[in-house]
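Biologist: Could you take me slowly through one part of this model, looking closely at how charged side chains pair up? I would like to follow the reasoning from one residue to the next.

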Amino acid sequence: MRKLIRKLSRDNPLWGAPRIHGELLKLGVDVGETSVGKYMASNRKPPSQTWKTFLENHVKTVVSIDFFTVPAIRFQVLYVFLVLAHDRRRIIHFNVTSHPTAEWTAQQLREAFPFDQAPQ
């Protein structure tokens, strides 16, 4: 039974214990799902790239956009729109308003990425 569970898990690396348990039940083998998880072969490498690798590969094309509030001295609220580039940790664009609208926000995006400068 252990050899069968290990073979199924090695041959199908994306299958988890519930899937292998279901397949064994279809074959008429009565075994618990926890037992399947216990005897599965462990994967030495992840099935795909890690988040760290992904971010290292795409850092030049990634930007962050933030919209936050700042209380002013006269008890009014100011809204700050900020665009940051991750490759050099620099500010691409920012602006402040007391009454943001959807049109204002769209205009800020157009100003942050004029012509063909938008990240891919």
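Modeller: Let us begin with K26 and E23, whose side chains meet in a salt bridge, with 3.5 Å from N to O; please keep in mind throughout that this is a predicted model. Side chains of opposite charge can pair when their charged atoms come close. K26 and E23 are three residues apart in helix α2, so they are separated by about one helical turn. K26 counts as exposed because its relative accessible area is 68%, and the cut-off for that word is over 50%.

E23 also has a second partner, since its side chain meets that of R19 in a salt bridge, again with 3.5 Å from N to O. Both E23 and R19 lie in helix α2, which covers residues 17–26, and they are four residues apart, about one turn of the helix. R19 has a relative accessible area of 44%, and therefore it is called partly exposed. Taken together, R19, E23 and K26 are linked in a network of salt bridges.

The structure holds three salt bridges, and one of them joins the side chains of D11 and K7, at 2.8 Å from N to O. Here both residues lie in helix α1, which covers residues 2–11, and they are four residues apart, about one turn of that helix. D11 counts as partly exposed because its relative accessibility is 48%, and K7 is likewise partly exposed, with a relative accessible area of 48%.

How values were computed. Residues numbered from 1 in each chain as written. Predicted model: local features only at pLDDT ≥ 70, side-chain atom pairs only at ≥ 80, totals over all residues. Heavy atoms only, no water. Salt bridge = Lys/Arg side-chain N within 4 Å of Asp/Glu carboxyl O. Helix = DSSP H or I, 4+ residues; strand = E, 2+ residues; numbered from the N terminus. Buried < 20%, exposed > 50% of the residue type's maximum accessible area, 1.4 Å probe, protein only.
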